[in-house]
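Thanks for coming. I will walk through one structure today, and I will begin with a question once it is on the screen.

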Amino acid sequence: MADLPRFPLLDKQRVPHLPPAGYYVADFITEEEEALLLRKIDETPQPKWKTVGTGRRLQYWGGTLSKKNVLVPEPMPDFLTAFPEIIQRIDAFLDIASDVTDKDVQEGKHALGINQVLVNEYKPGQGIAPHEDGPAFRPLVATLSLGSHTVLDLHHYVSPTTPSPPMVATASLDPEGEEGGGKAIAAVPLGHVLLLPRSLFVLSGNLYQSHLHGIAERDKDTCVAPGVVTEAVAGAGGEVKAAEVDAGAEGLSVAEITDADADGGGSARPVVVANAALLARPDIESALANAEGWTRERGTRASLTFRRAERVLKGGAFSMIGGRMQRA
Ligand SMILES: O=C(O)CCC(=O)C(=O)O
C-alpha cells in the first residue's frame, strides 16, 4: 500500500486544533478487559521488563528492532491475540474506518497490520521525553490507555536560528524516548490530548512524521477546554482570546492553543486539551469548560502502543502470517 490510509469513518473522532491527524476514540475497551490487560501486564515475568529514564518500565511484544531497523519477530502473547483479541480488534477497527479496500484486507494488507506492541508503565510523576517513533514504523500508531489518565503533549521542531522561540529543547529520536537526537524543538508543546483510561488514540500522517509526542513528568494535571481563559494561561502566556482559540487548528498560533507551562515539573498549571469535546464523559467535559478546569492526580498508567515495523526479518523460526505471529 503506497499511500497512507485515510479514515473517513473517524471524522467525528478527529482531534481538532492539531495538525493532521490524531483520532481519539473513547471507551475502546470495557472495564473488564482493562482489568484483565492490567493484570496480565503486571504478571509478566521480570526479565521481560526493561527500566528506562526515571524508572518507567516497558515491555516489547512481537520482537525488537535490529540495528538496521529490521524487526526480529517474536510471538505475541495470548493476552494480546486471544483474550482479549485486542490486536485483531484494532486492526479490524482501523480497516473498517479507513479507505483500504476489502480486497487489500483479504490479501493481508491492513491499514496498520500490527506486528509490534510496546507496553509502557508510568507511575505518578513519570513521563516520556518528546520523541518520534521514527521511520522504521508505518506512520500510523494506536495507543490504548489503561488504569489512569495522562496528558500527551505534541511538539514541533523549530530551527535553531528562529528568532526568539519560546525556548528550545533537544528532541529525542529514540523509540524508548531517552536518547537525545540533537534537533531543536519548541519547549512549549503545540497541543495536548487528554488520554482517559480505555481510550484509543490514533496518531497518523503529518502528526506522526513531522512532530514529536511525549508526556511531561507530573503527578497531577489540570486541564481546560479550548477557549477557556484561566488566570494561569492568560497571566504567563499573554491574553488568550476565546474567539481565536475556537477558530480551528490552522488559524492558531502556538501561544493561542497551548498552556503557559513551559517548565514541566510537578506543577498543575492548566493545559488546554484539544480533544475536550471527544471524551464521552459529560462530567469531565463540563469541568473542562470552567476556568478552574478539571484536576486529577495521576495514578499508575499502562499504555499499549500498537505499531507496524515496515521491515521484518524473514526465514527465522517464525513467519509472519496475516500480520500475526504463528509458528512456521
Ligand atoms: O504512553 C503513551 O501514551 C505514549 C507512548 C509512546 O510515546 C511510545 O511508546 O512511543
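Which residue stands opposite Leu118 in β6? Tyr60 does. Please keep in mind that this is a predicted model, and that everything I quote is computed from that model.

Let me stay with the strands around that pair. Tyr60 belongs to strand β3, which covers residues 56–61. Strands β3 and β6 run antiparallel, and five bridges join them. On to β18: seven bridges join β6 to this strand, and the two again run antiparallel. Within that pairing, Glu121 stands opposite Ala302 of β18.

Now put these strands into their sheet. The sheet is open, has seven strands and reads β1-β13-β8-β18-β6-β3-β2, with antiparallel pairing. At its edges are β1 (22–25) and β2 (50–52), each of which pairs on one side only. From one strand to the next, the twist averages 20°. Helix α1, residues 31–43, packs on this sheet and touches β6, β8 and β18. The direction of α1 makes about 95° with that of β8. As for β8 itself, residues 140–146, this strand pairs with β18 in the antiparallel sense over five bridges. One of the matches there is Ala142, whose bridge partner in β18 is Phe306.

How many of the residues of β6 are buried? Seven of its seven residues are, so to use the plain description, β6 is mostly covered. That holds for both faces. On one side are Gln116, Leu118, Asn120 and Tyr122, and on the other are Val117, Val119 and Glu121, all buried.

Next, the ligand. Which residues surround the ligand? They are Leu118, Asn120, Ile128, Asp133, Thr143, Leu152, His213, Ser303 and Thr305. Two strands, β6 (116–122) and β18 (301–307), each supply at least two residues of this shell. By type, the shell divides into three nonpolar residues, five polar and one charged. Leu118, the residue I opened with, is therefore in two parts of this talk: Leu118 faces Tyr60 across the strand pairing, and Leu118 is in the shell around the ligand.

From the ligand we can move to the core. In soluble globular proteins, nonpolar side chains tend to be buried together. In this model, the largest nonpolar core has 69 residues. Those with the most contacts inside the core are Val117, Val193, Val273 and Phe306. The largest share of this core, six residues, comes from helix α3, residues 86–97. Take Val117 as an example, leaving out residues up to four places away in sequence. Val117 touches Trp61, Gly62, Met76, Leu80, Leu304, Thr305 and Phe306. Thr305 in that list is also one of the residues around the ligand.

Two single residues next. His155 lies in strand β9, residues 150–156. Is His155 buried or exposed? His155 is buried, because 22 other C-beta atoms lie within 10 Å. Between the C-alpha atoms of His155 and Leu212 there are 5.0 Å in space, although the two residues are 57 apart in sequence. Leu212 is also among the residues that His155 touches, again leaving out those up to four places away in sequence. The others are Pro130, Ile185, Ala186, Pro189, Leu190, His211 and Gly214.

The second residue is Gly134, in the loop between β7 (128–131) and β8. Gly134 counts as partly exposed, because it has 15 C-beta neighbours inside 10 Å. Along the chain, Gly134 and Tyr208 are 74 residues apart, and their C-alpha atoms are separated by 8.5 Å.

There is also an open sheet of three strands, in the order β16-β15-β17, with mixed pairing. Its edge strands are β16 (270–272) and β17 (294–297), each pairing on one side only. Direction ignored, neighbouring strands of this sheet are turned by 35° against each other on average. Strand β15, residues 220–224, runs parallel to β16, and three bridges join the two. In that pair, Val271 of β16 is the bridge partner of Cys223.

To finish, the totals. The protein has nine helices and 20 strands. Of its 328 residues, 44% are buried. Among contacts with a separation of 6 or more, 76% are between residues 24 or more positions apart.

How values were computed: Residues are numbered from 1 along each chain as its sequence is written. This is a predicted model: local features need pLDDT of at least 70, side-chain atom pairs count only at pLDDT 80 or more; totals for chains, interfaces and linings use all residues. A residue is near a molecule or strand if its C-beta atom, placed from the backbone, lies within 6 Å of it. Helices (H or I, at least four residues) and strands (E, at least two) are DSSP runs, numbered from the N terminus. Ala, Val, Leu, Ile, Met, Phe, Trp, Tyr, Cys and Pro count as nonpolar, Asp, Glu, Lys and Arg as charged, and the others, Gly among them, as polar. A residue is buried if 20 or more other C-beta atoms lie within 10 Å of its own, exposed if 12 or fewer, and partly exposed in between; C-beta atoms are placed from the backbone. Two strands pair if DSSP finds at least two bridges between them. A nonpolar core is a set of buried Ala, Val, Leu, Ile, Met, Phe, Trp, Tyr and Cys residues joined through C-beta atoms within 7 Å. Two residues are in contact if their C-beta atoms, placed from the backbone, lie within 7 Å. Axes are lines fitted to C-alpha atoms, for helices over the stretch in contact, and angles run from 0 to 180 degrees between N-to-C directions.
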